[in-house]
Structure formats: structure tokens, C-alpha cells
Amino acid sequence: MSDIVTIRASSWSDLLDCPHRWEARHLLKVDAPTSGPAALGTALHASTAAFDLSRVTGSGLTVDDTAGVLVDELRRPAKPVHWGEDSPKKAEQIGLRLHSRYCREWSPRYEWRAVEMLTEPLDIEVKGIVIRLTGRMDRARIRKGAKGAGINDLKSGRRAVGRDGAAVTKGHAAQLGVYELLYEHTTGEPITEDAEIIGLQTTGSNPRIGTGTVLGAKARLLGDSAEPGLIEQGASILKSGIFHANPNSRLCSPKFCPRWSTCKFHD
């Protein structure tokens, strides 16, 4: 029987960016400390999801009702937060502005079908390994478009929106591709709209929100006869058992890597 490796959609970027960090997080289960920006991102995703889910179910929660979710997440986080130069008060102020703008100006532009949908596991066998794609579509929404269904994913952070006002999409294709595969596997309905990132910039007195399109996310995962896709590339790493380090990763820092203190490869 082939080995089974379970990989959540959100961890694909780690595996392809720095396998050394991915192994620590997802195989060795070593936690990195939660930073202030990460805590704000978690709170924003929870509050905006509550608002969008209310739109889907018709439960009638208001912008102010769901803003309480953000405040609760920041004041009573599930894990300890290393705030550093940030502060809970400042994060709350920025988060509430972004929550309000998103709910009033951006969410109404879409017709949501589902919010953070729980999916059925999907097994893909490649290179003698079964990769099991699994989990809730964290932070993702299913939208109804002119051609059918499409995936929208919220990304927050200081660099979530570029200077041109568009959401930064670089590095998100693998995660969105997994979402597309899981949605099709669970529902039997094909994804026919391009994936989209909604970026929430968490800096400045007037934080921005922008969107960006990700083309061919699923195709990049699966590849074709001419070139292997990202799933096969990831399977090669898993098959070899060599989780090489990438000291050039933008996440190579003690803030993001639980292996930083013992890693011999970074500067």
C-alpha cells in the first residue's frame, strides 16, 4: 500500500517554499509563535466570514454584529500572541476599519454560495505516495459568477495590496488550486470561473482593499504531459525524505519558522 501524506491546502506554499520549515510545522508538529499581524489576520477572516455566512443563510447579522467577532478574537486569542512592535489596540482599530469597509463595500459585489466550506478528502497517488488533500476551505468563499462557480480567498497583511491597488496574488496559486479540486470533488460541480484574491492591507490610517485574479490554479497543480505540476513536484520532496532548507525564503525568520533557533542554513 502506498504511503499516505495528508496536506492541507494552506500548507502547500510552505512545502514548496521551504520544505525544512514545512516538515517542522506539519510533520514534527512544532509550533511557531503567533505574531501580531497573524492574530489580526485570523480575527479579520473570522469576522468577515461571519458576515458573509449570514448573507448566505439569511440570518441577518449586521456589520456591527460581526465586528464583535473580530474584537473577541483579538482580546481572547486561542494561542499566546507575540505582539512585538504591534499592539492589540492598534490591531483592533485597523481591523475594525477593514471589517467595515469589506462588509459595506466589497462583500455586496458578490453572490456567495458557501463560506469556508467543509470538503471531502481527495486522494491523489503520485510517485508511490498518496497525497490526501483535506480540510475546510479556510478563509475561502464560493462565488456565483456569469460562467458558474469560482473561488475567492481573503488574504490580509501589510503587503496584501500592491502599489497599483490590486491584491498581491504571487504564491497563492497552489492553495487556490487545491480549493478548486476539493470543491469539485465534494460537489461534483466544475469550477468555471477564475480564482480571485481579495487583499486586505493591514497598515496605514486608511488601509486598502483590492482584488487580483489567479489564472489556471488547478492546472498548475496537475501539470500536463509536457511538464509535471506542483503536486508531482511536492511528491518528489516527500518521496525523497529530504526536506531541504531555503534561506532565501521571505518567511525565513524567527517570526515565522519554528526551526529558526536550530536551523544551520540561514544567515
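**Cut-offs and conclusions in a predicted model**

User: What makes the sulfur of C257 too far for a bond?

Analyst: The closest cysteine sulfur, in C18, is 6.1 Å from that of C257. A disulfide is a pair of cysteine sulfur atoms within 2.5 Å, so C257 is too far from C18 for a bond. The structure as a whole holds zero disulfides. This is a predicted model, in which local features need pLDDT of at least 70 and side-chain atom pairs count only at pLDDT 80 or more, while totals for chains, interfaces and linings use all residues. Residues are numbered from 1 along each chain as its sequence is written, and side-chain values use heavy atoms, with hydrogens and water left out.

User: Why does C257 count as buried?

Analyst: Its relative accessibility is 11%. Buried means under 20% relative accessible area, exposed over 50%, and partly exposed in between (1.4 Å probe, protein chains only). C257 therefore counts as buried, and C103, with 2%, is buried as well.

User: How do you know that D14 forms a salt bridge with R21?

Analyst: The closest N and O atoms of D14 and R21 are 3.0 Å apart. A salt bridge requires a side-chain nitrogen of Lys or Arg within 4 Å of a carboxyl oxygen of Asp or Glu, so the pair qualifies. R21 also meets D17 in a salt bridge, at 2.7 Å from N to O. D14, D17, R21 and R25 are linked in a network of such bridges.

User: Is D14 buried or exposed, and which class does D17 fall into?

Analyst: D14 counts as buried at 5%, as does R21 at 1%. D17, in contrast, is partly exposed, with 26%.

User: What makes the pair E189 and R113 a link between distant parts of the chain?

Analyst: These two residues form a salt bridge, with the closest N and O atoms 2.6 Å apart. E189 lies in the loop between α6 and β9 (195-201), R113 in strand β4 (residues 112-115), and the two are 76 residues apart. Helices (H or I, at least four residues) and strands (E, at least two) are DSSP runs, numbered from the N terminus. Both partners are partly exposed, E189 with 25% and R113 with 35%.

User: Why does E180 count as buried?

Analyst: E180 has a relative accessibility of 6%, and therefore counts as buried. E180 belongs to helix α6 (residues 173-187). Its C-alpha is 6.9 Å from that of I151, although the two are 29 residues apart in sequence.
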